[in-house]
Amino acid sequence: MFITREIDYAVRIVRALKGEIKLSAIEIAKKESIPQAVSYKVLRSLLKSKVIGSMRGSSGGYYLRCDLTKMTLYDICRALGEDMMITECIRKGYNCVNNKYGSCLVNKEFERIQNVIKLELQRTTLDKLL
């Protein structure tokens, strides 16, 4: 798992909407210097996961639906459907030829690192960042 450009843009979109009533996709893209085409894709993911909401019409736009004191970086990653694994060998069901008997020290270290990353992402609420 890497912090993808889309995850970065999702956090920036939430930041743009913080304290705002509603903003259009164009306003969000300009405010956060996000390419407009990518912003629409990320906005759709955030809408689907109910992090944000939208209203149509001349006075419409996007608005926050989430509580920034409870929404975490991990939640944003999941909202975008990102794969949270740092390497394939620690994925459940993956048949690693080097870890047939669960004795691979590299695999154990990757699992430890994965758990630390997940905990840190879950610990970091958006209100602390924005």
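The legends below describe views of a predicted model of the protein, moving from the whole chain to the surroundings of one asparagine.

**View 1. Secondary structure of the protein along the chain.** The predicted model contains six helices and two strands, and when the chain is read along its sequence these elements follow the pattern α-α-α-β-β-α-α-α. Among contacts between residues at least 6 apart in sequence, 62% join residues at least 24 apart.

**View 2. Overall dimensions of the C-alpha trace.** Along its principal axes the trace spans about 60 × 25 × 20 Å. The radius of gyration of the protein is 18 Å, whereas a compact globule of 130 residues would have a value near 14 Å.

**View 3. Surface, burial and charge.** The protein has an accessible surface of about 8400 Å², and carbon and sulfur atoms account for 51% of this area, while 35% of the 130 residues count as buried. The protein carries 23 positive and 14 negative charges, and the mean positions of these two sets lie 4 Å apart.

**View 4. The surroundings of N107 in helix α5.** Helix α5 covers residues 105–123 and includes N107. With a relative accessible area of 3%, N107 falls under the 20% cut-off and therefore counts as buried. Leaving aside residues up to four places away in sequence, N107 touches C89, I90 and N99. Towards C89 there is also a polar approach, in which a polar atom of the N107 side chain lies 3.0 Å from the backbone oxygen of C89.

Key: Residues numbered from 1 in each chain as written. Predicted model: local features only at pLDDT ≥ 70, side-chain atom pairs only at ≥ 80, totals over all residues. Heavy atoms only, no water. Helix = DSSP H or I, 4+ residues; strand = E, 2+ residues; numbered from the N terminus. Rg over C-alpha atoms; globule rule 2.2 N^0.38 Å. Buried < 20%, exposed > 50% of the residue type's maximum accessible area, 1.4 Å probe, protein only. Contact = heavy atoms within 4.5 Å. Areas by Shrake-Rupley, 256 points an atom, 1.4 Å probe, with all protein chains shown as cover. Lys, Arg positive; Asp, Glu negative; His and termini not counted. Charge placed at Lys NZ, Arg CZ, Asp CG, Glu CD. Polar contact = N/O pair within 3.5 Å; in protein donor to acceptor, adjacent residues only side chain to side chain.
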